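The following paragraphs lead the reader through selected strands and aromatic contacts of one model. Please consult the sequence and the structure while reading.

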Amino acid sequence: MSQHYNSLISELRKTVDDCESQHDLMNVKSKYLGKKGLITIEFESLRAAQDDEKKELGRLLNDLKNTALEIINEKQNSLINNLSLDNKIDVTLPGKNISIGSRHPVSIVINEITEILSHYGFTQETGLEIEDEFHNFEALNIPSTHPARDMHDTFYVDNNKLLRTHTSSVQIRSMKNSKPPIKIMTPGKVYRCDSDPTHSPMFHQIEGLHIDSNINFCHLKGVLKDFIDEFFGRKTEIRFRPSYFPFTEPSAELDIKFNGRWLEVLGCGMVHPNVLRNVGINSKNYSGYAFGLGIERFAMLKFGIKDLRMFYENDLSFLAQFEGLK
Ligand code: PHE
């Protein structure tokens, strides 16, 4: 028996000697010690052996296996040592740089705006992205004949459910769920059936709402003036232009003087008494203002981004420019 083992070992030694690479050596290893390897199958003879032979046979088989492993390991070490200097691993070399990601400009602007507004006492609410007609339209005094309710402008999920077209729907949820004083800001995604270089079917808005006793247009002007100054830097020229929204009365749009030109940046107004009535707030005791703005527009102005589509393409060289910003 041991004669047979000896010849197996010398045969193995010869094939190992002929190996020129790790790959060759691994093939030899599996040929002898793999699942159906020449040495592995020798262990099957243990099963047939008499009880008194088993101990000795086991010892011989283990010796055989260990000798084979020693021969293979020795060869492996010598292959590694003989590698040319180029192929050796130099553990003293510095590791590969792992680049750290950056925040998306939309997130940076949301963080900055919510930070500024939090100083005025606004707290954050998120609401729902899939809304019903009541919260997105009806309660906001938007009649069923209003063009915004058309399928061309709104993504409907079913007859009554839709993707919210503005964050104003969160106003309704808040006013229904809590009693004045209410002072909330609502950053989030909104959706409209619109897609061209200056419109995206999904974009971000933030809404501000303040309801309390004796709130008037001066409060609205004061907050927005300070907010714009903080966001764009001191002494930004602003003007309020009369406008129309079904859910505010009076309504206005706010323009800022940017590089010598007036630009419209947000919509605002005093919450319409019908809206207050729809959520069960008595408009004799309470009043409030609301404003809503597009985050992408603010980000474009702040960072000088010319094309809206840049926000959604995930181009790493574009995104890397915002590294370090919070
Ligand atoms: N919801 C309006 C829009 O999407 C913005 C707005 C909010 C206007 C609150 C007035 C008050 O354009």
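Two strands are taken to pair if DSSP finds at least two bridges between them. Strands (E, at least two residues) and helices (H or I, at least four) are DSSP runs, numbered from the N terminus. The model is a predicted one, in which local features need pLDDT of at least 70 and side-chain atom pairs count only at pLDDT 80 or more, while totals for chains, interfaces and linings use all residues. Residues are numbered from 1 along each chain as its sequence is written, and side-chain values use heavy atoms, with hydrogens and water left out.

Strand S4 offers a starting point. It is joined to strand S5 (residues 202–212) by 10 bridges, and the two run antiparallel; within this pairing, Ile182 stands opposite Ile211 of S5. S4 also pairs with strand S1 (residues 123–124), here in the parallel sense and over two bridges. Gln124 has Met185 in S4 as its bridge partner. How many of the 10 residues of strand S4 are buried? Eight of the 10 residues of S4 (residues 182–191) are buried, so the strand is largely enclosed by the rest of the structure. Buried here means under 20% relative accessible area, exposed means over 50%, and partly exposed lies in between (1.4 Å probe, protein chains only).

A charged side chain introduces the aromatic residues: Lys183 lies over the face of Phe122, at 5.1 Å from the ring centre. The criterion is that NZ of Lys or CZ of Arg is within 6 Å of the ring centre and within 35 degrees of the ring normal. Likewise, the charged end of Lys302 sits over the ring of Phe231, 4.4 Å from its centre.

Phe231 also belongs to a cluster, in which ring pairs link Phe227, Phe231, Phe232, Phe258 and Phe298. Rings of Phe, Tyr and Trp (its six-membered ring) pair if their centres lie within 6.5 Å; planes under 30 degrees apart count as stacked, over 60 as edge-to-face and the rest as tilted. The structure holds 13 aromatic pairs. In one of them, the ring centres of Phe232 and Phe298 are 5.5 Å apart and the planes meet at 35°, so this pair is tilted. It links distant parts of the chain, with Phe232 in helix H8 (residues 217–232) and Phe298 in helix H10 (residues 295–303), 66 residues apart. Phe298 counts as buried, at 0% relative accessibility.

Phe303 and Phe322 have ring centres 5.0 Å apart and planes at 70°, so their pair is edge-to-face. Because Phe303 lies in helix H10 and Phe322 in the segment after helix H11 (316–319), this pair ties together parts that are 19 residues apart in sequence. Phe303 is partly exposed at 27% relative accessibility, whereas Phe322 is buried at 5%.
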